[in-house]
2 protein chains.
Amino acid sequence: MIFSRKTDYGLRALMYLAERRARGPVTLSEIAEKLMIPKAFLSKILQQLAKKGVVRSLKGPSGGFVLAVEPAEVTLQEILTEIDGPTRVFECFATESDCTLYGDCLMRDVFGEVEDQIGKVLARYTLADFRYTDKLPAKA
Amino acid sequence: MIFSRKTDYGLRALMYLAERRARGPVTLSEIAEKLMIPKAFLSKILQQLAKKGVVRSLKGPSGGFVLAVEPAEVTLQEILTEIDGPTRVFECFATESDCTLYGDCLMRDVFGEVEDQIGKVLARYTLADFRYTDKLPAKA
DNA sequence: CTGAACAGGACCAATGTAGTCCGCTATTTC
DNA sequence: GAAATAGCGGACTACATTGGTCCTGTTCAG
Ligand code: FES
Ligand code: FES
């Protein structure tokens, strides 16, 4: 019951890209380094987001990644769905055998409601609500 | 992002116990068989719930498990927390190194809000809202 | 043409979940 | 006070998912 590390990485990378959007493509290496995310792993995540059209990727020298959407136009819900698939909260494990035994089992409804509420919250925020602030760590 | 099978098993077992409450202790074997849950696994779950005081366990012949609380007094939220721990939805993976870099990172708040909403829904239902109905499968 | 940069497939490691086994202890019943 | 019954609890295994690596392309600016 937790969003994956992939989600965290992806979201933070998008924040970073949102901030640099005007300044042209940002390389994988830069993002990975600044955000301390394993490069090869982040590569997969960005590839995935590129396929979904959230970012655009440019090959070759002076290439990199650019945010392909208006930060204010893309909700957290959309992002999380694109990274990790739809937010599912419950799966009836009795399905095959005896879910039918429970004609009035409320679990379906309760957890459906839970999913709706999660969706509602996530849909209220967009990338524009998040800022990557590049200040130095307090401890330094 | 899904509630565990353990949760499903535990919840269904509690429903069953709620239904049989008046008729004295129910053995592990009976619950496991009726609900098609691996016996040894269910044993662990019920042990856990026994320690938390949700069920009471009686050893020896004619022993078994009895629900120790009023079905209407225990919310889904409490049950799920007792089975799987508090519902956490997000964990900042940047914590040690650079979470402090993001003084105004909203993730904490957004996901906190998500957790609140989940809690609210789950707190609205109690065991009494669920019924274990022992009818035969439609297909039979 | 060359080197910077992403693409993508195969692969590996760590983690957590699901599930098993077995000897131990408590309780009842005779 | 046996013997049978039922839960306890620790150690263990199996499996799936997630997190992460590596290496060989392909594309493209200069
Ligand atoms: S038994 Fe299938 S949803 Fe409740
Ligand atoms: S960086 Fe830690 S919560 Fe956002």
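This passage describes how two protein chains meet two DNA strands in a predicted model, and then turns to the nonpolar core.

In this predicted model, local features need pLDDT of at least 70 and side-chain atom pairs count only at pLDDT 80 or more, while totals for chains, interfaces and linings use all residues. Residues are numbered from 1 along each chain as its sequence is written, chains are lettered from A and ligands numbered from 1 in the order in which they are written, and side-chain values use heavy atoms, with hydrogens and water left out.

It is convenient to begin with DNA strand C. This strand is surrounded by 23 residues, a residue being near a strand if one of its heavy atoms lies within 4 Å of it. The closest are A:Leu28, A:Lys44, A:Ser57, B:Arg5 and B:Pro61. Of the atoms of strand C that come within 4 Å of the protein, 66% belong to sugar and phosphate. Polar contacts (pairs of N or O atoms within 3.5 Å) are made to base and backbone alike: the side chain of A:Gln47 places an N or O atom 3.2 Å from a base nitrogen, the side chain of A:Ser57 has one 2.6 Å from a phosphate oxygen, and a backbone N or O atom of B:Arg5 lies 2.9 Å from a phosphate oxygen. Two or more residues of this surface come from each of α3 (39-51), β1 (55-58) and β2 (64-67) of chain A, and from α1 (5-20) and α3 (39-51) of chain B; helices (H or I, at least four residues) and strands (E, at least two) are DSSP runs numbered from the N terminus.

Around DNA strand D there are 25 residues, with A:Arg5, A:Tyr9, B:Leu28, B:Lys44 and B:Ser57 the closest. Here sugar and phosphate supply 67% of the strand atoms within 4 Å of the protein. A backbone N or O atom of A:Arg5 is 2.8 Å from a phosphate oxygen, and the side chain of A:Tyr9 brings an N or O atom to 3.2 Å from a phosphate oxygen. A base nitrogen of strand D, in turn, lies 3.2 Å from a polar side-chain atom of B:Gln47. The contributing elements, with two or more residues each, are α1 (5-20) and α3 of chain A and α3, β1 (55-58) and β2 (64-67) of chain B.

Away from the DNA, the largest nonpolar core (buried Ala, Val, Leu, Ile, Met, Phe, Trp, Tyr and Cys residues joined through side-chain atoms within 4.5 Å; buried means under 20% relative accessible area with a 1.4 Å probe, protein chains only) has 82 residues. Among those touching the most other members are A:Ile31, A:Leu46 and B:Phe111.

How values were computed. A polar contact is a pair of N or O atoms within 3.5 Å; within protein, one must be able to donate a hydrogen and the other to accept it, and residues adjacent in sequence count only if both atoms are side-chain atoms. Buried means under 20% relative accessible area, exposed over 50%, partly exposed in between (1.4 Å probe, protein chains only).
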